[in-house]
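Reader: I'm new to reading protein models. Could you walk me through this one, a question at a time?

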Amino acid sequence: MINATYRCLVAFLALHDKAVMMPPAEEKERAKEYVERATCPEWRNGFLLADGTKFTLFQKPGLHGEAWFDKNKDYSIDCQVCVAIILTSIY
């Protein structure tokens, strides 16, 4: 499992410069307005993004195999990427 995790991290890091970037100012402002309108005003100056997906395994893992069995009756592993950016001003 450690080797698989290492390989996934190496693959994700190889895509870093193409996939990880800050949004332009106009898009960031639209997101902040949406957050304020759709959730609560206190969250307006913060960004929180979480995205997850399941990777289906080709067979039942040997260690704690049943723990990997999901609701779709597959053996899978979850991958979740979270980014939290809190924008604050210091006066």
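## Charged pairs, a buried aspartate and the loop

Reader: Let me start with one lysine: is K54 buried, exposed or partly exposed?
Author: Good place to start, and keep in mind that this is a predicted model. The relative accessibility of K54 is 38%. Buried means under 20% and exposed means over 50%, with partly exposed in between. Because 38% falls between those limits, K54 counts as partly exposed.

Reader: Which residue does K54 meet in a salt bridge?
Author: Side chains of opposite charge can pair when their charged atoms come close. Here the N to O distance is 2.8 Å, and the limit for a salt bridge is 4 Å. The partner of K54 in this salt bridge is D78.

Reader: How many residues apart are K54 and D78?
Author: The salt bridge between K54 and D78 links distant parts of the chain. K54 sits in strand β1, while D78 sits in strand β2. Along the sequence, they are 24 residues apart.

Reader: And is D78 buried or exposed?
Author: Its partner K54 is partly exposed. For D78, the relative accessible area is 56%, and the cut-off to pass is 50%. D78 is therefore exposed.

Reader: How many salt bridges does the structure hold?
Author: You have already met the one between K54 and D78. The side chains of K60 and E66 meet in a salt bridge too, at 2.8 Å from N to O, and K60 is partly exposed at 41% relative accessible area. The number of salt bridges in the structure is 2.

Reader: Now for D70: which side chain of opposite charge is nearest to it?
Author: D70 is found in the loop between β1 (46-56) and β2 (76-86). It is buried, yet it has no salt bridge. The nearest side chain of opposite charge is 4.5 Å away, and a salt bridge needs 4 Å or less. That side chain belongs to K54.

Reader: With which side chain does D70 make a polar contact?
Author: Leave aside the neighbours within four places in sequence, and D70 is in contact with K54 and S76. One of these two also makes a polar contact with the D70 side chain, at 2.7 Å. That polar partner is the side chain of S76.

Reader: Is S76 buried or exposed?
Author: S76 lies in strand β2. Beyond its neighbours within four places, S76 is in contact with K54, F55, T56, L57, W68 and D70. Its relative accessibility is 6%, under the 20% cut-off, so S76 counts as buried.

Reader: What separates the C-alpha atoms of S76 and L57 in space?
Author: L57 is one of the residues in contact with S76. In sequence, the two are 19 residues apart. In space, their C-alpha atoms are separated by 5.0 Å.

Reader: How far apart in space are C79 and G52, C-alpha to C-alpha?
Author: C79 lies in strand β2 and counts as buried, at 19% relative accessibility. Along the sequence, C79 and G52 are 27 residues apart. From C-alpha to C-alpha, the distance is 5.5 Å.

Reader: Where is H64, with its positive phi?
Author: Phi of H64 is near 55 degrees, a positive value in a residue other than glycine. H64 is exposed, with a relative accessible area of 58%. Its place is in the loop between β1 and β2.

Reader: What value is phi of K73 near?
Author: K73 has its place in the loop between β1 and β2. It is exposed, with 64% relative accessible area. Its phi is positive, in a residue other than glycine, and near 65 degrees.

Reader: Stepping back, what pattern does the chain follow along the sequence?
Author: The chain has 3 helices and 2 strands. Buried residues make up 11% of its 91 residues. Read along the sequence, the pattern is α-α-α-β-β.

Reader: Which element has the lowest mean pLDDT?
Author: The mean pLDDT of the chain is 77, and 79% of its residues reach 70 or more. Where pLDDT is low, the predicted coordinates should not be read in detail. Among the elements, helix α3 (residues 25-38) has the highest mean, 82, and the lowest, 68, belongs to β2.

Notes
Residues are numbered from 1 along each chain as its sequence is written. This is a predicted model: local features need pLDDT of at least 70, side-chain atom pairs count only at pLDDT 80 or more; totals for chains, interfaces and linings use all residues. Side-chain values use heavy atoms; hydrogens and water are left out. Helices (H or I, at least four residues) and strands (E, at least two) are DSSP runs, numbered from the N terminus. Buried means under 20% relative accessible area, exposed over 50%, partly exposed in between (1.4 Å probe, protein chains only). Lys and Arg count as positive and Asp and Glu as negative; His and the chain ends are not counted. A polar contact is a pair of N or O atoms within 3.5 Å; within protein, one must be able to donate a hydrogen and the other to accept it, and residues adjacent in sequence count only if both atoms are side-chain atoms. Contact means heavy atoms within 4.5 Å. pLDDT is the predictor's confidence in each residue, from 0 to 100.
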